[in-house]
Amino acid sequence: MMRHLSWILFAAVMLVWMACEKTTTHLPPREISPEVDEIAKKYTDVLVQSPQGWVLAYKPDQYEETIYFHLIFKNGGKVDVLAGYRGYHTLQTDITYYFEGNYTPIIVFSGENVFSELADSHNGAYKFKIYYKESPGTFEVVRSDGFDDKRFELTPANESNLALLNAQIDDILAQIAYEEEQERLAAEVRAKIKAFVEIESDFYFYNLTVDDFSAAINSFDTVAREISLTYKETPTSAPATTTVGYTLTPEGIVLDPALAYGTVSLELLELGELLYEDPDDPNKATAIEVVSNGNVGTMGYAHVAPYPYTLTSDRSVSTVDWLLDPNQQNAGLFLYTADADQHYSAFVNADRIEFKDYINAEVNDALATNRLVNQIYFPANQASSRNIQISTRNGNDSGNKFFLYNFDLNKIINEASALNVTLTTAASTITPHIDAFNAYLDPQFPAEGVTVAPVIVGTTLRFRLISRKDSRYWVEYILNRAADRSNRFD
């Protein structure tokens with residue numbers, strides 16, 4: 001019983017060992033008849049002895065054009081190959097070749113080489129029947145797999161057929177250089193996009209403007225590759241908001257779908273240089289130059305509005321048209337602020353602090369500590385002058401004090417929501433301090449004018465007067481008549 005058990009254990013171990021042993025496949029030797037072997041030796045002598053090598057003109061089935069190969073055959077079954085095919089357009093040395101066949105010599109290019117690549121990618125071949133034509137001293141080759149019987153020439157290399165190969169290689173090198181340049185440009189575009197979305201600015205508006213097209217940029221999403229824009233088809237249109245996708249090209253960004261604006265179509269936005277227009281920091285970018293259809297524009301932060309603001313109930317009336325309407329002024333239109341900081345931009349508030357200190361120290365019977373506000377008055381009597389009033393408290397804090405500065409108003413031509421405010425005559429109480437008053441008011445009312453932009457606070461309309469020279473300076477005014485606050489401009 002023990003003897004039988006030992007044999008069973010021995011057999012089990014042998015079975016496990018045999019199962020784990022790696023099997024080796026032994027391929028049969030390549031088939032070649034003695035007659036073909038003799039021919040192959042003669043062919044090899046001819047191929048090796050050609051001093052300049054050979055040029056093969058061969059077209060794989062699924063490739064569009066004939067490919068030229070320069071083959072230099074060497075002893076020991078090796079051949080150097082240079083091909084007019086990308087990836088193999090530099091010399092590959094010591095590719096293995098051999099002959100097989102029972103009746104006709106078949107030359108086989110073995111291993112990983114241009115012929116095996118063409119076989120995998122374009123229904124090519126790496127085995128060819130080969131025939132020698134003694135009279136011209138050339139060979140003809142034909143695929144050995146029976147796919148077709150088209151013959152291809154293998155001729156001694158000369159200046160003429162090598163020029164055909166070199167032309168193909170030159171085309172490949174040019175294509176590679178082009179792609180590298182395109183990739184370099186694309187990398188530049190990606191860098192420009194990155195720099196653009198990182199821009200931070202206190203400028204009031206964020207616009208895309210090219211030629212006659214101008215839109216507010218609501219968002220620029222580099223993850224979803226989408227841009228949200230609001231624009232008007234015409235100056236008196238209602239604003240429309242749209243989201244377009246974009247893709248990157250070596251030139252810039254392609255919008256999909258293209259933006260149509262009248263006769264203008266924006267599809268490709270070529271990206272130029274970053275623009276540096278921050279007056280306080282020449283190294284701080286505010287926007288980027290864009291070009292579309294040959295028209296130069298900008299994308300980024302700006303001092304002016306992208307489009308005019310018009311009355312929703314009558315698109316022919318802009319914010320400035322409404323302000324300058326005699327019917328409004330005859331009714332005693334009055335714009336005022338409070339001493340709350342939110343009525344003034346950060347830049348104006350910085351000026352107000354200095355101006356308060358000046359008034360407290362230099363102006364008699366005036367106290368600006370708890371009151372320094374702007375008020376704009378349109379008198380019902382048109383013979384009276386319009387004026388801006390700077391209001392403080394009396395010196396003893398017993399009531400309010402007003403410093404009047406008359407001004408002229410003019411609508412800026414071709415800018416429906418833009419207004420020129422020109423300060424003219426100052427009250428006698430201002431005259432001794434006119435430099436200080438001008439220093440405070442000039443940034444708010446520059447020669448370039450102001451944009452009259454609507455803002456909604458709660459449910460009521462207000463106007464912000466935004467400097468067109470430097471939009472970081474703005475003041476928000478409340479309408480004195482409650483009925484006017486229900487108007488809507490956009």
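Reader: Which residues form one aromatic cluster together with Tyr58?
Author: In this predicted model, Tyr58 belongs to a single aromatic cluster whose other members are phenylalanines. The residues that join Tyr58 there are Phe69, Phe109, Phe115, Phe128 and Phe152.

Reader: How many aromatic pairs does the structure hold, and what is the angle between the planes of Phe355 and Tyr440?
Author: The structure holds 32 aromatic pairs. One of them is formed by Phe355 and Tyr440, with 4.5 Å from centre to centre. Planes under 30 degrees apart count as stacked, and the pair of Phe355 and Tyr440 is stacked, the angle between its planes being 15 degrees.

Reader: Which helices hold Phe355 and Tyr440, and how many residues apart in sequence are the parts that the pair ties together?
Author: Phe355 lies in helix α7 (residues 346-362), whereas Tyr440 lies in helix α8 (residues 434-441). Because the two rings sit in these two helices, the pair ties together parts whose separation in sequence is 85 residues.

Reader: Are Phe355 and Tyr440 buried or exposed?
Author: The cut-off for a buried residue is a relative accessible area under 20%, while an exposed residue has over 50%. By that rule both Phe355 and Tyr440 are buried.

Reader: How many salt bridges are there, and where do Arg86 and Glu179 lie?
Author: The count of salt bridges comes to 26. In one of them the side chains of Arg86 and Glu179 meet, at 2.7 Å from N to O. The pair ties together parts that are 93 residues apart in sequence, because Arg86 lies in the loop between β3 (78-83) and β4 (92-100) and Glu179 in helix α4 (residues 159-197).

Reader: What is the distance between the closest N and O atoms of Glu188 and Arg184?
Author: Both residues lie in helix α4, 4 residues apart, which is about one turn of the helix. Glu188 is partly exposed, with a relative accessible area of 34%, and Arg184 is partly exposed at 39%. The two form a salt bridge in which the closest N and O atoms are separated by 2.5 Å.

Reader: Which residue forms a salt bridge with Lys411?
Author: Lys411 has its partner at 2.6 Å, taken between the closest N and O atoms, and this partner is Asp321. Lys411 lies in strand β23 (residues 400-411) and Asp321 in helix α5 (residues 319-324), so the pair ties together parts that are 90 residues apart in sequence. Lys411 is partly exposed, with a relative accessible area of 37%, and the residue asked for, also partly exposed at 26%, is Asp321.

Reader: Which residues form a negative surface patch with Glu64?
Author: Glu64 is placed in the loop between β1 (54-58) and β2 (67-74). Patches are made of residues with over 30% relative accessible area and no salt bridge, and Glu64 is exposed at 78%. Its partners in the negative surface patch are Glu65, Asp170 and Asp171.

Reader: Where does Asn293 lie, and what is its phi?
Author: Asn293 lies in the loop between β15 (287-292) and β16 (295-302), and this residue is exposed, with a relative accessible area of 58%. Although Asn293 is not a glycine, its phi is positive, at about 55 degrees.

Reader: Which peptide bond is cis?
Author: Pro257 is found in strand β13 (residues 252-261). The peptide bond leading to this proline has an omega near 5 degrees, and the cis bond runs from Asp256 to Pro257.

Terms used. Residues numbered from 1 in each chain as written. Predicted model: local features only at pLDDT ≥ 70, side-chain atom pairs only at ≥ 80, totals over all residues. Heavy atoms only, no water. Patch = residues over 30% accessible without salt bridge, like charges linked within 9 Å, V, L, I, M, F, W, Y side chains within 5 Å. Areas by Shrake-Rupley, 256 points an atom, 1.4 Å probe, with all protein chains shown as cover. Salt bridge = Lys/Arg side-chain N within 4 Å of Asp/Glu carboxyl O. Lys, Arg positive; Asp, Glu negative; His and termini not counted. Charge placed at Lys NZ, Arg CZ, Asp CG, Glu CD. Buried < 20%, exposed > 50% of the residue type's maximum accessible area, 1.4 Å probe, protein only. Phe/Tyr/Trp six-rings, centres within 6.5 Å; stacked < 30°, edge-to-face > 60°.
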